[in-house]
Each structure stands twice: as structure tokens, then as C-alpha cells.
Amino acid sequence: MNSPNFSADAPEVSPTPSERVDTLLERLAARKDDWVRTPIERRIRLLDRCIACTQAVAKDWVRAACRAKGLDPNEPRAGEEWLSGPLTTTRNLRLLAEALAQGGRPQLSEMSQRRNGQWVARVFPTSRWDRLLFRGFYGEVWIAPDRAPTQGRSYRMKAADEFPTGHVALVLGAGNVSSIGPMDALYKLFVENKVVILKTSPVNAYLQPYWEASFRPLIDEGVFYVIRGGANVGRHLVQHEKVDTIHITGSNQTHDAILWGADPKEQARRKAAGEPLVDKPISSELGAVTPVLAVPGPWSDTDLAYQARHVAAMVANNASFNCNAAQVLAVAERWPQSEVFFKKVAQALAAIPPREAYYPGAQARYARFLEHYPQAVALDPRSSSATPWTLIPGVPAEPGEFALANEAFCGILAQTRLPASTPASFLEAMVEFANEACWGTLSCVILIHPKTQRAYAKKLDSAIERLRYGNIGINVWTGVSYGMTSPTWGAFPGHPLEDIRSGRGVVHNTFMFDHPERSVVYAPFRVRPTPAWFADHRTAHRLGEALTRFEAKPGLLRLSAVLSAALRG
């Protein structure tokens, strides 16, 4: 049960010379204690300057990503690269600057305690602009049980003139989404108070100059550098005496190779003996098999069509090379509308043109799924450059089932039915299914009609509480939670290093909670106009660019450009 072994298929790239890597690490080590003492006011200036630099390079950044992924930057699908690249990075920078302006403990609009005493903080919307653009959306961070909702530990210490020893953090970047590496670095720098060396994935090493241009103020400050390379450079870095902590985004197999060794026998021996190869703190985000759980209810034909487009978007975004891509669609066995819903999902996916399979290993992973499921239905012909959107009907809802235990990381959507006929029985069944049968704990989505949501509010709340996922979307794809940046992003806590699954620790978290457990984002059952992340949005490229400018400096003039593009979608 695992994510793909991405490192085995990684392309060759020209690496940063080891002498240069060593020099950069020496510089970071020399600056790490100074960074801990850097005043908040200077940090805010650095963030503001990074926003300006990101805006200056945004269009070139998007064009480079489109070239690499086979997209036309002047067509709607290029909107994905705006939304998941410079837009989210800009928003992250701005919200961090706003958090620091409040001493690293930004004020919350709402804080409550659940019946068990667990604290829940409202973290979205963060402003009147969010309320206007995301009407009916709200996001929460649930604090770990029995912990207080404290914020900004690094900045509380700074305010008390307590300055711990600095650290050099290594961030091993992901190759699929262009904001992951930069935003992971921002978390280490501004929330955890560490200087950062970021290694690009070989898949998106082409982004190095754009990340460097975006974060030029931090490079000039001597607290951040970007390097390139494959597994050899990675091994050099993780073992380097100047690297104090490590953060990985990718696969549990990559994590285990770093920590326990590449040979399976060595891994088993070391895990059993508790003898890791690397004795450094490691945080990680390592993917999952994301289930979409459709609660039975009085869905109209319009509801079914809308949610079918929604599910299709969760599959098709970024050619399905996302750790939170929808991989399993679960419905109630005796829901009368289930067959119609499956058909509409197939129609919605079939209407989306196939994408270039730019991520290494996609064809091999796709072939493995076809070997296990001869009943798989490809919605387009297969080619050497693309894996078609493919449905797998009749997947048993059982632990160990191949489609539930292995992350596809290509356009596969398994369909399964849970033994339920009512909303109440489905809400019970889906918790057991998601927790016990679906591999990983990063991300899940619940689709529930507003009438059902009101009628079964307590049961839904209980289900959310019992789901062991770090990010839960109620009527919204968890990619939106990722892009908000104020929620946390990461696995549900509790995975030991010997069985890491979706990882440990969080990023984003611009409210800087010290002890987050999970994030939950709620949205209306249907959103108008067409959401920016839907694959059939007709002006997503223009909307993405307008939103990127808006996030840099929200205001009425820039808002008008956003609304104009949004309403034409």
C-alpha cells in the first residue's frame, strides 16, 4: 500500500555542482542564528518585496509550466498554472505578512470548543474580499485534542527575548505543482524560523529561475537558496552535516529510501531495529488515495450534473498528477440516483480533452491498474503521450483492494458502492470505508445536499470528527483548501516513521497554530458562477491572472477585473 516510486522514473537533470551546494549550505549555516533574531518589521519588508518580485515573474513562470505540461498559455486550461503557481504563492506571502503585522498571532474571527473540549478556529474567510469572492465558504482548523489553541511560538519567544539556536532546513520539492516547493520553504522560514535550501524535483527543475526571481529578496538576505539535482544530490543533502531538518513532498517510498535505505530487506531490518539512516527531524506530505463520498439525498438533475462536473474537475486538474486528485467515488448501494450520477460523471470527464502524461511513470502506473481491472472503461483512446480518463466500475469497498491501496497518479477514478440506503447509514459506512479501506490520510471530500446536511447535522459532524484525514472538504475539492493557505495542509497526525503513509507535520497554516490536527473547509452545494478550478471554466486563464494581481494588493479596481473574468466562465 503506497504512493508511486517517483524517484525511480525521475528524468536526468544537470545538477547543481556539489561544491556549490556545500558553499550555499555554509552560507545558510552562518545566517541561521541571525535569521532567528531578525525583527518582524524586516521580515514583513522581505515578504512584501517577494510579493512584488512574484508579480513581476508570474507570467513567465506560468508560460514555463505550460510548456512543460503541454498546455497553451493562452487557453483556459492554463488557468490551472496561474491558480496553483504564482496565485497561491502570492496569497501565502501576503497572509504571512499580515500575520507578522499582528505579532505572529493573527486575530481570529471565531473560536469555539467542541463537546469533547477540542478547540476549533475559523481561518477562512480571512477578509471582506474572501467573503465577497467565496460566498458561503468557510474553513476551520481543528486543534489537537487536549492542546490549547496557541499561535506563533517562534514569535512569542522573540517577544520574550528568547532566541533558540537556528536551523538549516532542507526542502525536497515536489515535481507536480509549481507552488509546493516555494510554499513549503515559506513555512519553514516564517513559521518554523529556519533558513532553507530548496531542491527542485527533476520533473520541474525548469522552475528554478522563476523561484529564484520570486524569492530574490530572501536570497539576497542569505536565508534561502534553490538547487537542482536528482537522487545523488538528495542523498548528499540529507546526510550533510550542515542540514539540521528535512521536509519531503512526494512519495512514502522516497521517504523510506531516505530514512531506512533503498533495499527492501535493509528497510525491514532497520525499521524493526529502530535504526534510521538519518537522525534528523523529518516532516513530510506524501500523498493518498483520495475518496469522494457522495451522501444520498434529494439531488435534482441540475445537482447531479453540477457535482459530476465537480468530480470530473477533481480528477482532471493537472492531468490528475495531484496528491489530492479524486481517485475513488463512493455512493450508497441503494441510492436510486447512483447510476445516473455515475453516468453523468462519465459524461463530464469525457467532455474534458485528454492531457499530456507529463509526469514520469504515468503509462506504467496506468497499465498496472488495467491489469488489475479488465472492466476499466477508457473515455478516450490511449496514446503514447496521454493516459485517458478512465473509470473502474464495481471496485469492492474492501481493505487491501488494489485501487484503494495504491495511489494512481494518473487519470483513474474507481467507483464503489457502500452498504447503505439512507443518509444516516451512509454517513456511518463512509467513515469506516475511508478510514480502513482507502490508503493514506491526507485528503477526502464529502458531497452532501443542503437538506440532508441540515437533517443529519449531528451525524455529519460526528463523521467529520471520526474521519482520520488532515484535510476534509465538505462540498468542495480539497485543492481549494490547499490554495486558501490559511488552513493547514498535511496528513492526519499519528503516523510513525516506520509506517509513514501520508506523512507527518503541516505546512501553510498562516494563522501559525502550534498544535493543529486537521482542516475542514465547507462550501455551498452548488456555486455560481462556475468555480475557477472547474475544468470547463471558459476564462480560467484570464481569471487566474486577474486573481494573482488581486491577491498581491486587494482593491476595488483589481476586483472588477476578477469579477469580469469570473462571470464569463
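This report walks through a few local features of a predicted model: a helix, the cysteines, a cavity, and some backbone angles.

**A helix with a bend**

Let's start with helix H1, which covers residues 18-37. How far apart should the ends of its 20 residues be? At 1.5 Å a residue, the expected span is 28 Å, and the end C-alpha atoms sit 30 Å apart, which agrees. Along the way, H1 bends by about 40 degrees at Arg31. Several of its residues are buried, including Leu24, Leu25, Leu28 and Trp35. Lys32 is on that buried list too.

**Cysteines without partners**

How many disulfides does the model have? The count is zero. Take Cys50: its closest cysteine sulfur belongs to Cys53, but at 6.2 Å that is too far for a bond, because a disulfide needs the two sulfurs within 2.5 Å. Cys323 is in no disulfide either, as the nearest cysteine sulfur, in Cys444, is 14 Å away. Both residues are tucked inside: Cys50 is buried with a relative accessible area of 0%, and Cys323 is buried at 11%.

**A cavity lined partly by Cys323**

Cys323 turns up again in the lining of the largest cavity, together with residues such as Ser320, Asn322, Glu407 and Phe409. That cavity holds about 60 Å³ of space, and the model has three cavities of 30 Å³ or more. What kinds of residues line the largest cavity? The lining divides into eight nonpolar, three polar and one charged.

**Backbone angles worth a look**

Most residues other than glycine have a negative phi, and most peptide bonds are trans. Here are some exceptions to look up in the structure.

| Item | Value | Place |
|---|---|---|
| Phe124 to Pro125, cis | omega near 5 degrees | Pro125: loop between strand S2 (119-124) and helix H4 (128-133) |
| Arg528 to Pro529, cis | omega near -10 degrees | Pro529: loop between strand S19 (516-522) and helix H20 (540-552) |
| Thr485 | phi near 65 degrees | loop between helix H19 (478-484) and strand S16 (488-489) |
| His508 | phi near 65 degrees | strand S18 (residues 507-508) |

Are Thr485 and His508 buried or exposed? Thr485 counts as buried at 0% relative accessibility, and His508 is buried with a relative accessible area of 2%.

**One on the outside**

Finally, Gln347 sits in helix H13 (residues 338-350). At 54% relative accessibility, Gln347 counts as exposed, since the cut-off for that word is over 50%. Its C-alpha atom is 8.8 Å from that of Arg309, although the two residues are 38 residues apart along the chain.

Conventions: Residues numbered from 1 in each chain as written. Predicted model: local features only at pLDDT ≥ 70, side-chain atom pairs only at ≥ 80, totals over all residues. Heavy atoms only, no water. Buried < 20%, exposed > 50% of the residue type's maximum accessible area, 1.4 Å probe, protein only. 1 Å grid on protein atoms, 1.4 Å probe; cavity = no way out; pocket = protein on both sides within 12 Å on 5 of 7 lines; lining within 4 Å. Points joined across faces, edges and corners; volume = space filled by probe spheres on them. Nonpolar A, V, L, I, M, F, W, Y, C, P; charged D, E, K, R; others polar. Helix = DSSP H or I, 4+ residues; strand = E, 2+ residues; numbered from the N terminus. Expected span 1.5 Å × (residues − 1). Bend = angle between axes of the 7 residues up to and from the residue.
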